[in-house]
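Hi everyone, thanks for coming. I'd like to walk you through one structure today, going piece by piece. Let me put it up on the screen.

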Amino acid sequence: MISSRWTPYLFLAPALAGLLIFRLIPIVVAAGGSLTGVSLMGDMRFVGLENFEYLMTDPEFWSSLNITLLFNVIINPLQLAVAFGLALLVFRPLRGVWLYRTLLVLPMAVSTGISAVLFGLFLDGNLGPLNGFLEWIGIGAQPFHRSADQALYTLIGIATWKGAGYWMLFLLAGLYSIPSTVHEAAAIDGASAWQRFRHVTLPLMRKPMAFVLVADTAINFLFFAPVYILTSGGPSGSTSVLMFQAYRAAFTFSDIGRSLAVSTILLAIILVIVVLEFRLLRSPEERA
Amino acid sequence: MSTMTIDNLRKSFGATEILRGIDLDVADGEFVALVGPSGCGKSTLLRLIAGLEEASSGSISIDGRDVTRLPPKGRDVAMVFQNYALYPHLTVRANMGFSLKLRGDDKATIDSKVTDAAAVLGLDALLERYPGQLSGGQRQRVATGRAIVRDPKLFLFDEPLSNLDAKLRAQMRTEIKALHQRLKNTMIYVTHDQIEAMTLADRIVVMQAGRIEQQGAPLDLYDRPANAFVGGFLGSPAMNFVKGILGSGLFLAEDGTQLPVPDGFDAEQGRSVLWGVRPEAIGPVDQGFSGVVEVVEPTGPDTQLLVRVAGQPLVVLMHKRMRVSPGDQMTLGVQGADIHLFDAADGRRLHL
């Protein structure tokens, strides 16, 4: 049997290689690229922090940063809450509950692009069934993604429709990992259903919730396809999140350096927020 | 201080009947052990008493009050689980005080009750720890502590020691016994370990296939099992059984070997019976039946032998050291009072 202190690293090597090639090296390249500019002649040169200096004075960047933060401040808690609620609903051992679980997870199987196109039709002002329904019940047609006031919230709705079922799976697994005897012990200790949820379920769901919140945050900061397909950052720049800014810088203005600068800032923001979220959801035992 | 009465209790899960009519009275301060093999329904019975499962029919009363349809909260019982079921996110102190906090006791009361219970169980130094930082024995103690701070009407134990190693199990067994002698609460204790049941309980209830086979004081059950199942279940090493028929004032094994019957026993000849005798009741004598030693197992104080008698191996337990070797011939005997005869068909005991 071959066994040495290198054996564990050998087993880790494929994963580490993947991490290096597809994550770490691109990050370093992107961070390096954010310090370059392209001349009119097409050759790259080192420009130092010029791209960042430009962004700091660009009102469009600041507006985009605001939109990105607003989007995330709403969507991450919302998706976590909706996913948790759904997980609690389908956790109960009811007949046919598998059907509901399947239906809730199904949006996951629809590609982001296709779901954006479908929602475009669904919410359409003339042909969309939703507006027809809203008019029928007397609320009246809504502009949804066609209005600067509603576009961002429409995108939040679409992303939540698609994401909640996916995150629900992790929370459902978390609920199953709580030993049933702990609930029973609480019931015998005199806890009502609400008290059991408040004092047993909720604290024991800390870890899965932390995972979902962190992973969801990272994904939602990189939210892009529906913006590109449905709103192109509009109307009036109301949905122009940082990812869209990065895209535009690179592919509309051909300014790779600026695009990479936006991406680098985005990465830094995600890191800071993820660290904060992890700290927030630490258990008292870990804090001790 | 409390009593419990169970009347014709039944429980089915779907088409499977787990409890088939249980009647049980538990006196105030009594320590009752429910024993039986896996799947006999003893844990289900305990969960029904706790209110964790709902009875299909029949009734459970605690202190004369019918609690059959009440949730656990309304029964004032405490339970110690096999896996302890401690709250992993709470300290030992908070685990033990949880029920008091829910009940709305003030902080000073909770503190003093938790401190008292911790002192009884030797948990003083561990109060600020989390369950994940405790050993198995310590967790078991916390689970017991969580039960005693409440001073409930009934203590329920669901195999509380089966996750501990043998040495710790023996130690905790003694602690639980001491605890009962001190608190004098009514306790119901489920175990599959007949030694635990024998040593702890005032009364043992032996269950099989959803029914109570026999109940009584541990030594009464040991000495006078009502049927072959109880005889075989209580005692370790287990009772020896030989199949055969009754002759005139003797027992004829299937291979024709003659074995003695209880003194003064006289019943229909030719009846198929099981001849039972405990390993420690057999010993070498001058005149008796013969056997060939197959295996010798010295344990220090005892010597356990496997002796082939009437074509089958009998376990013989001698409370002394013996110089015998496999292949040796032995003449064995048994006192008439130590012989148990059971009906071969239904297993029932044939004599008083």
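Let me start with a question: over how many bridges do β11(B) and strand β12 of chain B pair, and in which sense? They pair over three bridges, in the antiparallel sense, and β12(B) covers residues 251-253. Before I go further, please keep in mind that this is a predicted model.

Now stay with that pair for a moment. β11(B) and β12(B) make a hairpin, and four residues sit between the two strands. In the turn you'll find G249(B), with a positive phi of about 70°. If you want a pair to click on, take I245(B), which stands opposite L252(B) in β12(B).

β11(B) has another partner too. Strand β11, residues 240-246 of chain B, pairs with strand β14, residues 272-277 of chain B, and that pairing is antiparallel over six bridges. Here a good pair to look at is G244(B), whose bridge partner in β14(B) is V273(B).

Let's move along chain B to a sheet. In what order do the four strands of this open sheet run? The order is β17-β16-β15-β18 in chain B, and the pairing is antiparallel. At the edges are β17 (312-318) and β18 (329-334) of chain B, each of which pairs on one side only. On average, neighbouring strands of this sheet are turned by 50° against each other, with direction ignored. One of the pairings here is between strand β16, residues 303-309 of chain B, and β17(B), and this antiparallel pairing takes in seven bridges. Within that pairing, R308(B) faces P313(B), since I know some of you like a residue to anchor on.

Stepping back, how is chain B divided into domains? The assignment gives domain 1, residues 4-231, and domain 2, residues 237-343. Their C-alpha centres are 38 Å apart. As for the contact between the two, domain 1 of chain B contributes four residues and domain 2 of chain B contributes six residues. Looking at the domain 1 side by class, we have two nonpolar residues, two polar ones and no charged residues.

Two backbone details are worth a stop. As general background, most residues other than glycine have a negative phi, and most peptide bonds are trans. Now, which peptide bond here is cis? The bond from S236(B) to P237(B) is cis, with omega near -5°. P237(B) itself is in the loop between α8 (228-233) and β11 of chain B. The other detail is Y84(B), a residue other than glycine with a positive phi, near 70°. Look for Y84(B) in the loop that runs between β6 (77-80) and α2 of chain B.

That brings us to the helices. In general, two packed helices are described by the angle between their axes and the distance between the axes. Helix α2 (residues 92-103) and helix α3 (residues 107-121) of chain B pack at an angle of about 130°, and their axes are 9 Å apart. Why do we call them oblique? An angle of about 130° falls outside the ranges for roughly parallel, roughly antiparallel and roughly perpendicular, so the pair counts as oblique. The crossing of α2(B) past α3(B) is right-handed. From α2(B), the residues in contact are R93(B), M96(B), G97(B), L100(B) and K101(B), and they meet T109(B), I110(B), K113(B), V114(B) and A117(B) in α3(B). By class, this contact has five nonpolar, two polar and three charged residues.

α2(B) also packs against helix α4, residues 136-148 of chain B, at an angle of about 30° and with the axes 7 Å apart. These two are therefore roughly parallel to each other, and their crossing is right-handed. V92(B), N95(B) and M96(B) of α2(B) make this contact with V142(B), G145(B) and R146(B) of α4(B). Its classes come out as three nonpolar, two polar and one charged.

Last stop, the contact between the chains. How many residues does each chain give? Chain A gives 17 residues and chain B gives 19 residues. On the chain A side, α8 (180-188), α9 (193-204) and α14 (284-287) each supply at least two residues, and α8(A) has the largest share, with six residues. By class, that side of chain A has 10 nonpolar, four polar and three charged residues.

That's my tour, thanks for listening!

Definitions and conventions
Residues numbered from 1 in each chain as written. Chains lettered and ligands numbered in written order. Predicted model: local features only at pLDDT ≥ 70, side-chain atom pairs only at ≥ 80, totals over all residues. Pairing = 2+ DSSP bridges. Axes fitted to C-alpha atoms, helices over the stretch in contact; angles between N-to-C directions. Domains from an automatic or database assignment. Contact = placed C-beta atoms within 7 Å. Nonpolar A, V, L, I, M, F, W, Y, C, P; charged D, E, K, R; others polar. Left-handed = near helix turned anticlockwise from the far one by under 90°. Parallel < 35°, antiparallel > 145°, perpendicular 65-115°, else oblique.
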